[in-house]
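Reader: I am new to this structure and would like a close look at a single part of it, namely the places where the ligands sit. Could you take me through the surroundings step by step, and then set them within the chain as a whole?

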Amino acid sequence: MAKKKVILTFPPALIEEPITYNLIKNFNCQINILKATVRPKVEGRLVIELNGSREAVAGGLDYLKKIGVQVEPLAQEVRHSKERCSHCTACIPHCPTNALSVDREEMKVSFNRERCIICEACLPVCAYKAMEIRF
Ligand code: SF4
Ligand code: SF4
């Protein structure tokens, strides 16, 4: 069995395509959608986990590339540097899973790695470079 987390970026022409359906039906992949963002007429972005036999996952990824989907591997890990974090809370509204949360009484930001889907939304908003990505 193979498992791959990838970021798919697709152009407007492919936004209506049943891409995940095709991956399941034609390539025997199991799909777990971790995040989906669509900007109509601009682009679509999906973060997915592909599961299946090695051949199924390879075939699915090959299909995506052939139809013009940009496929990037998802980073392995996001880390929160307690030393650099100023607890400014700028990252909190950008985190879709509450992996970053704030204790309002103490005004302290904490990071729950288990909840992080490695969407990278927190990285550009942290002026202190306290959120780091590891590949
Ligand atoms: S934006 Fe950066 S410095 Fe501010 S709370 Fe989040 S991780 Fe800490
Ligand atoms: S990468 Fe950052 S914004 Fe995305 S889920 Fe993880 S902590 Fe939250």
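**The two ligand sites**

Author: The shell around ligand 1 is made up, by class, of 9 nonpolar and 4 polar residues, with no charged residues. In this predicted model, that shell holds 13 residues, and the closest to the ligand are C85, C88, T89, C91 and C126. The space that ligand 1 takes up is the largest cavity.

One of these closest residues, C85, also leads to a neighbouring part of the chain, since C85 is among the residues that H80 touches. Leaving aside residues up to four places away in sequence, H80 makes contact with C85, V109, F111, A130 and M131. H80 itself belongs to strand β5, which covers residues 77–80. Is H80 buried or exposed? H80 counts as buried because its relative accessibility is 16%, and the cut-off for buried is under 20%.

The second site can be read in the same manner. Around ligand 2 there are 15 residues, of which the closest are C95, C116, C119, E120 and C122. By class, this shell has 12 nonpolar, 2 polar and 1 charged residues. The space taken by ligand 2 is the second largest cavity.

Two of the residues closest to ligand 2, C119 and E120, deserve a slower look. C119 has a relative accessibility of 17% and therefore counts as buried, whereas E120, with a relative accessible area of 27%, is partly exposed. E120 is found in the loop between β7 (108–111) and β8 (131–134). The backbone of E120 is worth noting as well, for E120 has a positive phi of about 75° although it is not a glycine. Most residues other than glycine have a negative phi. N98 is another case, with a positive phi of about 65° although N98 is not a glycine either. N98 lies in the loop between β5 and β6, the latter being residues 100–103, and at 46% relative accessibility N98 counts as partly exposed.

With cysteines named around both ligands, a reader may wish to know how many disulfides a search of the whole structure finds. The search finds 0 disulfides. A disulfide is a covalent bond between the sulfur atoms of two cysteines. Another cysteine, C29, is buried, because its relative accessible area is 2%.

To set these sites within the whole, the protein chain has 2 helices and 8 strands, and from the N terminus on its elements run β-α-β-β-α-β-β-β-β-β. Helix α1, residues 19–27, contains N22, which counts as buried because its relative accessibility is 15%. Beyond residues up to four places away in sequence, N22 touches F27 and Y63.

Of the 135 residues in the protein chain, 36% are buried. Among contacts in the chain with a separation of 6 or more, 64% are between residues 24 or more positions apart. Along its principal axes, the C-alpha trace spans about 50 × 35 × 20 Å.

Notes
Residues numbered from 1 in each chain as written. Chains lettered and ligands numbered in written order. Predicted model: local features only at pLDDT ≥ 70, side-chain atom pairs only at ≥ 80, totals over all residues. Heavy atoms only, no water. Near = heavy atom within 4 Å. 1 Å grid on protein atoms, 1.4 Å probe; cavity = no way out; pocket = protein on both sides within 12 Å on 5 of 7 lines; lining within 4 Å. Sits in = over half its atoms within 2 Å of the grid points. Nonpolar A, V, L, I, M, F, W, Y, C, P; charged D, E, K, R; others polar. Helix = DSSP H or I, 4+ residues; strand = E, 2+ residues; numbered from the N terminus. Buried < 20%, exposed > 50% of the residue type's maximum accessible area, 1.4 Å probe, protein only. Contact = heavy atoms within 4.5 Å. Disulfide = S-S within 2.5 Å.
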